[in-house]
Amino acid sequence: MVMMMIGGYVTYVLGCLIASFLGFFVLFNFRRQVVKKNKASGIKTTPVNGHRRTVKDDESTDIIIVGAGVAGAALAYTLGKDGRRVHVIERDLTQPDRIVGELLQPGGYLKLIELGLEDCLGTIDAQRVYGYALFKDGRSTKLSYPLEKFESDVTGRSFHHGRFVQRMREKAATVPNIRLEQGTVMRLVEEDGTVKGVQYKNKDGQELTSYAPLTIVCDGCSSNLRRSLCDPKVDIPSCFVGLLLENCQLPFVNHGHVILADPSPILFYPISSTEIRCLVDVPGQKVPSLASGEMANYLRTKVAPQIPPELHEAFVAAIEKGNIRTMINRSMPANPQPTPGALLMGDAFNMRHPLTGGGMTVALSDVVVLRDLIRPLQDLNDAPTLCKYLESFYTIRKPVASTINTLAGALYKVFCASPDEARQEMREACFDYLSLGGIFSNGPVSLLSGLNPKPLSLVLHFFAVAVYGVGRLLIPFPSPNRLWLGTRLISGASGIILPIIRAEGVRQMFFPATVPAYHRAPPVNLE
């Protein structure tokens with residue numbers, strides 16, 4: 001009896017041991033499969049602040065790009081094409097729907113060609129733009145882009161912004177070493193003052209941390225990351241009210257139209273073969289209420305009477321249709337705080353009034369500059385050395401960016417109506433100066449188009465307009481009142497452009513070669 005009990009007990013113990021061993025074996029193999037799966041997808045879990053959080057093991061990532069708009073998508077494609085392993089995190093990968101970023105100047109189109117992205121305009125019904133038409137008090141003048149020295153394909157282009165961005169995203173996604181992911185970046189991951197990567201939520205709501213030697217932030221005009229990388233001084237001069245006109249023809253086909261209206265300019269340009277975008281500028285940070293019908297009434301009573309007759313009926317029809325949209329116009333000079341491991345680009349970094357349609361030209365020009373700086377580098381892991389080297393980006397980009405930025409800010413102020421008599425004279429002088437044709441129109445238009453972005457040329461033409469206005473006042477006989485008005489005109493012109501130049505940086509804008517960073521060569525240890 002005792003022997004039977006001992007035998008049963010031994011059998012029980014052996015059974016437990018065998019069951020435990022089998023259980024351990026199953027769990028061990030299960031864990032191995034999970035680890036293997038996570039390793040293949042580049043995911044691991046690490047303790048963060050006492051909790052375990054999923055983390056991307058991005059040893060295979062060279063550069064993280066936050067945002068896949070015009071700047072982010074173009075940058076991802078060009079860096080990926082150069083062999084960099086790029087991880088792009090974009091908040092919303094569906095097609096954007098915006099009322100700005102719809103006109104690309106010829107200078108921007110040349111940069112698009114340089115980046116190999118010009119075919120992104122081929123399937124979106126983009127329209128060629130050959131220049132501008134300017135309207136004031138029933139008069140008009142045509143200002144053509146000086147394109148004689150370029151191939152016939154080089155013109156401006158206007159299009160639906162979302163279609164263009166989506167084509168660029170699709171092209172970037174075809175590059176094998178580019179990973180395009182939908183997610184919301186919450187913060188930059190910093191360690192001892194160096195940015196190591198980003199923390200973000202993917203589209204499933206899972207919190208992830210992605211690491212790379214260099215993080216480039218291109219998350220747009222409403223960036224929530226820029227404060228970590230610059231000292232943002234955002235100004236809101238006005239708002240745009242957007243309408244879409246159908247079944248009508250522009251007075252000057254394939255041209256952008258600028259109406260010098262009261263109180264501020266009105267823009268028209270084609271965005272497809274059947275649609276014309278209208279942007280009504282409303283000064284200040286508030287617009288009439290859409291919900292109460294105040295906006296529709298404002299457009300009918302205040303704006304419609306100033307619209308060219310050829311567009312009046314379509315403009316009123318667009319109001320009645322009710323698809324009225326608004327957008328805040330921002331301007332922000334570039335004021336970077338160089339940070340190891342990170343860089344700012346696009347509207348997150350630098351904005352100007354969209355009157356002149358220069359934003360995409362600046363962004364694409366910046367992409368070309370950064371690509372050329374990074375291209376010789378083999379190793380991006382020495383963050384302090386890389387940061388010091390990339391300070392040259394902020395200087396090299398300045399002549400192009402500051403010319404377009406300054407022109408946009410100055411033209412907007414000149415084109416707005418004002419009760420001040422000197423400002424009225426400046427506005428009139430600007431219209432008449434551009435109407436003279438030849439160098440008087442080609443010079444300013446080549447600046448606006450990004451074909452000749454030279455700061456000194458901009459300043460000379462701007463003050464030439466002021467001097468032209470004074471000359472008109474003094475002919476045929478200079479009276480004391482006219483002399484005083486001429487003095488105020490020159491003073492007012494200085495008051496418009498000089499603060500903008502000061503904000504852009506006089507030395508970087510006019511004498512970039514005197515800035516040490518301009519001549520900085522690629523560090524030997526990164527090549």
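Tutor: Two residues are in contact when heavy atoms lie within 4.5 Å. Among contacts in the protein chain between residues at least 6 apart in sequence, 73% join residues at least 24 apart. The model is a predicted one, in which local features need pLDDT of at least 70 and side-chain atom pairs count only at pLDDT 80 or more, while totals for chains, interfaces and linings use all residues. Residues are numbered from 1 along each chain as its sequence is written, and side-chain values use heavy atoms, with hydrogens and water left out.

Student: How many helices and strands does the protein chain have, and what makes a stretch count as one?

Tutor: The protein chain has 14 helices and 19 strands. Each is a DSSP run, numbered from the N terminus: a helix (H or I) needs at least four residues and a strand (E) at least two.

Student: Why is Asp432 called buried?

Tutor: Buried means under 20% relative accessible area, exposed means over 50%, and partly exposed lies in between (1.4 Å probe, protein chains only). Asp432 has a relative accessibility of 15%, so it counts as buried. Over the whole protein chain of 527 residues, 51% count as buried.

Student: What makes strand E4 largely enclosed by the rest of the structure?

Tutor: Strand E4 covers residues 86–90, and five of its five residues are buried, so the rest of the structure largely encloses it. Both of its faces are covered, with Val86, Val88 and Glu90 buried on one side and His87 and Ile89 buried on the other.

Student: How do you know that E3 and E4 pair?

Tutor: Two strands pair if DSSP finds at least two bridges between them. Strand E3 (residues 63–66) and E4 have four bridges in the parallel sense, so they satisfy that rule. One bridge places Ile64 opposite His87 of E4. E4 also pairs in the parallel sense with strand E10 (residues 178–191), over five bridges, and there the partner of His87 is Arg179.

Student: Why is the unit of E3, helix H2 and E4 called right-handed?

Tutor: A crossover is right-handed if, with the strands pointing away from the viewer, the path from the first strand over the helix to the second runs clockwise. E3, helix H2 (residues 70–81) and E4 make a β-α-β unit of that hand.

Student: How do you know that Asp432 and Arg139 form a salt bridge?

Tutor: A salt bridge is a side-chain nitrogen of Lys or Arg within 4 Å of a carboxyl oxygen of Asp or Glu. The closest N and O atoms of Asp432 and Arg139 are 3.3 Å apart, so the pair qualifies. It links distant parts of the chain, since Asp432 is in helix H10 (residues 421–435) and Arg139 in strand E8 (residues 139–144), 293 residues apart. Arg139 counts as partly exposed at 33% relative accessibility.

Student: What makes Arg472 and Glu425 a salt bridge?

Tutor: Their closest N and O atoms are 3.7 Å apart, which is within the 4 Å limit. Arg472 lies in helix H12 (residues 455–474) and Glu425 in helix H10, so the pair ties together parts that are 47 residues apart in sequence. Both residues belong to a network of salt bridges that also links Lys136, Asp137, Arg139, Glu428 and Asp432. A search of the whole structure finds 27 salt bridges.

Student: How do you know whether strand E7 is enclosed or open?

Tutor: Six of the six residues of E7 (residues 131–136) are buried, so it is largely enclosed by the rest of the structure. E7 pairs with E8 in the antiparallel sense over six bridges, and Lys136 stands opposite Arg139 in E8. The hairpin of E7 and E8 has two residues between the strands, and Asp137 there takes a positive phi near 50°. Four bridges also join E7 to strand E15 (residues 256–259), which runs parallel to it.

Student: What makes Leu436, Ile439 and Phe440 a nonpolar surface patch?

Tutor: Patches are made of residues with over 30% relative accessible area and no salt bridge; like charges are joined within 9 Å, and nonpolar side chains (Val, Leu, Ile, Met, Phe, Trp, Tyr) within 5 Å. Phe440, for instance, has a relative accessible area of 35%, which is over that 30% limit. The patch measures about 290 Å², an accessible area from the Shrake-Rupley method with a 1.4 Å probe, where for residues only the protein chains shown count as cover.

Student: Is Ser441 buried or exposed, and how do you know?

Tutor: Ser441 is at 8% relative accessibility, so it counts as buried. Like Phe440, Ser441 lies in helix H11. Leaving aside neighbours within four places in sequence, Ser441 is in contact with Leu143 and Leu434.
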